[in-house]
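Work through the exercises below with the sequence and the model in view. Each task is followed by a stepwise solution.

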Amino acid sequence: MKYLLLLSFSFLFFQSNAQNSDSSNEPDSIKKTVLATYYNRKFEGRRTTSGAKYRAKKLTAAHRSLPFGTKVTVTNPDNGKSVTVKVNDRGPFVKRLAIDLSESAAKQIGIFHKGVARVKVSYTLE
């Protein structure tokens, strides 16, 4: 009986370790629903916090805390359109807003004429 308990315990132990090691290889993907807006055209050509020039035609974004270079997928739940942007600036500095999109990114997902829209964001921290 002791051997059977020992064998079953060791089997469960090794099985749980195998499951944990598989999940640790994949980085955690974070998904949230937030309010987004987009950069005004007056910022065209100005330097972002990362040092790059803002270009309305590029797929970039501003976020208060994500590291520069983070790729964020932004999806408009109203029409299902999505775009992947690269964080290269800080902002928005209005508490209820979570992300500022470039003009091109806002147009691609259909929020350009809305001003502020609810979007789903997903990203992976490495």
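**Exercise 1. State how much space lies in the largest pocket, and describe its lining.**

Step 1. The largest pocket holds about 240 Å³ of space. A pocket here is an open set of points on a 1 Å grid over the protein atoms alone where a 1.4 Å probe fits, with protein on both sides within 12 Å along at least five of seven lines; lining residues have an atom within 4 Å of a point. Points are joined across faces, edges and corners, and the volume is the space filled by probe spheres set on them.

Step 2. The lining has 17 residues, and those closest to the pocket centre are Tyr39, Phe43, Asp89, Arg90 and Asp100.

Step 3. By class, the lining divides into 8 nonpolar, 4 polar and 5 charged residues. Ala, Val, Leu, Ile, Met, Phe, Trp, Tyr, Cys and Pro count as nonpolar, Asp, Glu, Lys and Arg as charged, and the others, Gly among them, as polar.

The model is predicted: local features need pLDDT of at least 70, side-chain atom pairs count only at pLDDT 80 or more, and totals for chains, interfaces and linings use all residues. Residues are numbered from 1 along each chain as its sequence is written, and side-chain values use heavy atoms, with hydrogens and water left out.

**Exercise 2. Find the ring cluster and the charges that lie over rings.**

Step 1. Tyr39, Phe43 and Tyr54 are linked into a cluster by ring pairs (centres of Phe, Tyr or six-membered Trp rings within 6.5 Å).

Step 2. Arg90 lies over the face of Phe68, 4.2 Å from the ring centre. The rule asks for NZ of Lys or CZ of Arg within 6 Å of the ring centre and within 35 degrees of the ring normal.

Step 3. Lys107 lies over the face of Phe112, at 4.8 Å from the ring centre.

**Exercise 3. Locate the cis peptide bond.**

Step 1. The bond joins Gly91 and Pro92, with omega about -10°.

Step 2. Pro92 belongs to the loop between strand E4 (82-89) and strand E5 (99-101). Strands are DSSP runs of at least two residues, numbered from the N terminus.

**Exercise 4. Trace the barrel and its pairings.**

Step 1. The barrel is closed by 6 strands in the order E1-E5-E2-E4-E3-E6, with mixed pairing (at least two DSSP bridges between two strands).

Step 2. Strand E1 (residues 29-38) runs antiparallel to strand E6 (residues 117-124), joined by 8 bridges; Ala36 has Ala117 as its bridge partner in E6.

Step 3. E1 and E5 pair in the parallel sense over 3 bridges, and Tyr38 has Leu101 as its partner in E5.

Step 4. Strand E2 (residues 60-63) is antiparallel to E5, with 3 bridges; Ala61 stands opposite Leu101.

Definitions and conventions. Helix = DSSP H or I, 4+ residues; strand = E, 2+ residues; numbered from the N terminus. Phe/Tyr/Trp six-rings, centres within 6.5 Å; stacked < 30°, edge-to-face > 60°.
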